[in-house]
Every structure is written in structure tokens, then in C-alpha cells.
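Q: Please take a close look at a single part of this model, the strands and their partners, and then follow the picture outwards to the aromatic rings and the contact between the chains.

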Amino acid sequence: MFEELSNGDSFIRHLDPRVKIAVVFFFSILAAVAVRMHVLLWLLSLGILIVVLARVPLPELFRRLIPVNLLIAFLWLFLPFTFAGEPMFSVGALTVTREGVLYAARISIKSNAMMLMLIALVASTPIFTLGHAMHELGVPQKIVHLFFFTYRYIHVMHREYVRLVNSMKIRGFTPGNNLHTYRTISYMVGMLLVKSFDRAQRVHNAMLCRGFEGNLYSLSTFSLNGRDVVSLILMITAVIILGVLEWKKTI
Amino acid sequence: MEKNDLIIQLKDICFSYAGSTPVLNGLNLKLCKGNRYGLMGPNGSGKTTLFHIIMGLLKPTSGEIEIYNNPARIENDFRKVRKKIGLLFQDADDQLFSPTVLEDVAFGPLNLGKSQEEAVEIAFDTLKFLGLSGFESRITYKLSGGEKKLVSLATVLAMQPEVLLLDEPTSGLDDKTKEILKGVLTDLDLSYILISHEIDFLTDITDAIYAMENGTIHFDKEIHVHQHVHAHPHGAYEHQHD
């Protein structure tokens, strides 16, 4: 699922994951609150630069950008027409406003900049390293556990789902717009939920049998080296400069 | 039989899942040091339930459990039990939850209070013992069925238990993995109870095979199977004695 991306060797891959998480965190906050167009464009360029440095294969990159941009496409359908402001041109009874277009453009740039950074992060860091790094950074243990278990069992759930779908297929099930289809699909979803619940119970039992008392231990240790520190300083400085650009009235 | 050698003793255990007929009904069981029992019985005869009762995952409706001559009743008692008795689950996916093999095998020792270095060392040794050296950084969900089963066994053995409860360890395994499993269990100096439907497998690595039926184990009806199975053309089942 994620690993196919993390095989490539890159400079970013060898950075301390804690540095990566911190940078993505501050970058995302700035991208979320910034409104000035030139700041947003800088953020987008930074995102593109990082993705290039992380050597994410292009087809994979686009595949991952599709979902978020589908959502944005819907925004473009409505925002330019519904936002009050200076009219640009009219299509029939609908008027496109300058503010509406700018607003939609801002959202597009923001989300893509953030997505690029996140893709670079996930693509260059194995998921479990990410979890341990989150723990090291003081993220509550429960969230880290949730993260691990989701990752570990999403595959098992998916396999169970495929099994159910196959067993439906081999008995000649073809989905259509009828009650039989809806009933079958609801059975399948229900079965999947029940199975997940049972699975959770069994996993917990298995953990109890091995002396689980609420603590998960991490075996990985991280150490910052010179390269990590320099990268962290560079990136944080870039984010701060852009932040200053955003909040200074005139530069 | 010395009193000190008694590890597991179950007296008159009854158990039923809410709203259904009893699964275990007046079950008695004694396991002493060095005993290697095989357990057979039809599906739903309560074999897995029995294991879960011994581990304290299910609480019996009535009856007594004694482990090393100490009664085990509440969760706290069973915490100690789980340090001595290892349970190998039927489905390896239930047992392996960590991202990597090394983390999963080290999980038990860490829970037992071992330091990180000790836990990693134990994990490496256990994997080596099972012929799984080099698996340390493999991703658990990407292992094959047989590999998953052996790694699950490693996670249990890493806790250095004195007794193993093995719940259908051979189901879904190919002959080669079965042989590995057989070798490992023979080499280990452990007591165990092994649930299986494969009588050949049981005869090879257990001292006595008992049948489970109607919620109890029939110790009076030990299934005797001749060890030299191949000398008899009609196969193992022809030579049961009452």
C-alpha cells in the first residue's frame, strides 16, 4: 500500500523522521492559515521541491493527488458563482466573481501544497518508523497505538472483504439497482463489522496471553545528526520567512 | 507422580456461552511436567474454549483451576499464569500485531520486564532456533501462512514458557512446515497440550492422545495408536484399543 513508494533512495529518506514530522506540521499550519497569493505560491513551490527531492515516482504522485483534487473540482463548480464580489464575466444567469475565483484558487493551492508535503513524508518513511517517531515527539500513546493497529489490520480487513466479495461472485452475484443487491451489500458490510469486532477481541486476547498490561514498547531509537539539524533549521527558517511575508502588511 | 510436578489441574470445570448449552461440562484435567498430550474431538466440542479457560481469557461458570498448586480465579492470578503458559492461537493473524517480526517477538519479553537489549537478544535467539534468522525486519502481514505460524510460535517461545497450549498448529500448513514444527516441538523440553485433527501428527509428537466429547475429556478412553503406523496397511484408525 505505502511501501511501494518508500523503496527509492533519497536524501529525504535518510532524514530523522521526527524532523520530517515537525517540518510537515509547521508547514501545514502555515499553509492552512495563509491567504496571500504569493505566500501560497511559494509554499506550493516548496512542496514541489520536496517531492522532487524525495524522488516520488510521477505516476504514483498523480494517483495520490487525484482524490483531493476531485474534491477541489467540485469547489470550482460552485465557489466562483456563489461568492459575492466584483463580477468578472457571466455564463447565462450565473455570474463569476473575481473573489470567488481567487478563493477557489487559494484552496486548490493550499491543499495541493499540503498533500505534496504529506506524500513526500509518507513515501520516504516506513509507516512504523513514522509511528515510533510520533511517539518520540510526545504524541499520546493511544493515538500511536490506534495508528499502528489501523495499519496492521487494514490489510487483514481488506483480505476479509475480498474473500466475501469473491464468495458472492462465485455464486453468481451481479450488483444491480435492486433490493437484492442492497440487502446483500448490507449483509456483507454487517459481516465485515462483526468479523472486525471478533478479530479485535482475539487480538486483544492474544496480547493478554503474552503479558500485555497496556504498554507497547518501541525498539527503534532515533538520533539527530548534523544533516538532520541543518535540514530542520533550513526548512523551519523557510516556513518562518513565509510566515513573516504573510503577516507583514508590506514588504 | 510427585506433587511438585503438577502444573495444570482443572476440577469439574463447567462453561457455557450466554444463552446456549454448556460447552464444558464437569471437565477434569491434570497436566504434569513432561506430559505431552494430544487432544482430538469434533468441531465445537470445546477444545479451544478449554485453552481459553486455562489462560483466563474465559471464566468458568463453575469449577476450580489450579496452576502450580495455586488456585487461579481472578485476572491477577492469570497474569502470573500467562508468564508460564504460552498459547498458540489458531489464526496467526490474531497473534501477530506488530509491524515487524522483531518487534512482535520482543513484545512478550518486554512485557515480562526485560530490558530492550535483553528482549532483542531473546528475539534473535528464538528466531534463530526456529530457523527464521533474517526475518527480523520483515513486515508481519506480508509473511506467508507457514512463516506466520512459525513467527507466532516464536512470539510464544520468546516468553520462555514451561507449558505450551497449541490450538490446531498444523491447520493450513504444508508438509514441509509441518515437519519443521514437528522438529521444533520434539527438540523443546516442554510440556504441552496439542489440539489437532491430524492423528498422524499427534502420534508422532505426543505421548498420549485423548478424545474430547460432550464437554469433557475422556481420560478412560485414551486413543492408542501404534507408533509403527506404516507396518499396518489399514492405517492408524484400525488399531484403536479401548
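A: In this predicted model, a good place to begin is a single bridge: Arg36(B) has Tyr192(B) as its bridge partner in strand 8 of chain B. That bridge belongs to the pairing of strand 3 of chain B with strand 8 (residues 191-195) of chain B, which runs in the parallel sense over four bridges. Strand 3 of chain B also pairs with strand 9 (residues 208-213) of chain B, in the parallel sense and over four bridges, and here Gly38(B) has Ile209(B) as its bridge partner. As for burial, four of the five residues of strand 3 (residues 36-40) of chain B are buried, so this strand is largely enclosed by the rest of the structure.

Chain B also holds an open sheet of four strands, in the order 2-1-4-5 and with antiparallel pairing. The edges of this sheet are taken by strand 2 (24-32) and strand 5 (70-71) of chain B, each of which has a single partner strand, so one side of each is left without a neighbour in the sheet. Strand 1 (residues 6-15) of chain B pairs with strand 2 of chain B in the antiparallel sense over six bridges, and within this part of the sheet Phe15(B) stands opposite Leu24(B) of strand 2 of chain B. Helix 1 (residues 47-55) of chain B packs on the sheet, where it touches strand 1, strand 2 and strand 4 (62-67) of chain B, and the direction of the helix makes about 120° with that of strand 1 of chain B.

Turning to the aromatic rings, a search of the whole structure finds nine aromatic pairs over all chains. One of them is formed by Phe149(A) and Phe97(B), a stacked pair with 5.7 Å centre to centre and 15° between the planes. This pair crosses between chains, since Phe149(A) lies in helix 6 (residues 141-169) of chain A, while Phe97(B) lies in the loop between helix 3 (92-95) and helix 4 (101-111) of chain B. Phe149(A) counts as partly exposed at 23% relative accessibility, whereas Phe97(B), at 4% relative accessibility, counts as buried.

Phe97(B) forms an aromatic pair with Phe107(B) as well, and this one is edge-to-face, with 4.7 Å centre to centre and 85° between the planes. The pair links Phe97(B) in the loop between helix 3 and helix 4 of chain B to Phe107(B) in helix 4 of chain B, 10 residues apart. Phe107(B) is buried, having a relative accessible area of 3%. Ring pairs join Phe149(A), Tyr153(A), Phe212(A), Phe97(B) and Phe107(B) into a cluster.

Phe97(B) leads on to the contact between the chains, in which 34 residues of chain B are in contact with 29 residues of chain A. The area buried between chain B and chain A is about 2,900 Å², and carbon and sulfur atoms give 59% of that area. On the chain B side, Asp94(B), Phe97(B) and Tyr141(B) lose the most area to chain A, together 24% of what that side buries.

Rings in chain B also meet charged groups: the charged end of Lys84(B) sits over the ring of Tyr68(B), 5.0 Å from its centre, and the charged end of Arg138(B) sits over the ring of Phe135(B), 4.7 Å from its centre.

Conventions: Residues are numbered from 1 along each chain as its sequence is written. Chains are lettered from A and ligands numbered from 1 in the order in which they are written. This is a predicted model: local features need pLDDT of at least 70, side-chain atom pairs count only at pLDDT 80 or more; totals for chains, interfaces and linings use all residues. Side-chain values use heavy atoms; hydrogens and water are left out. Two strands pair if DSSP finds at least two bridges between them. Helices (H or I, at least four residues) and strands (E, at least two) are DSSP runs, numbered from the N terminus. Contact means heavy atoms within 4.5 Å. Axes are lines fitted to C-alpha atoms, for helices over the stretch in contact, and angles run from 0 to 180 degrees between N-to-C directions. Rings of Phe, Tyr and Trp (its six-membered ring) pair if their centres lie within 6.5 Å; planes under 30 degrees apart count as stacked, over 60 as edge-to-face and the rest as tilted. Buried means under 20% relative accessible area, exposed over 50%, partly exposed in between (1.4 Å probe, protein chains only). A charge sits over a ring if NZ of Lys or CZ of Arg is within 6 Å of the ring centre and within 35 degrees of the ring normal. Buried area is the accessible area (1.4 Å probe) that two parts lose on being put together, summed over both.
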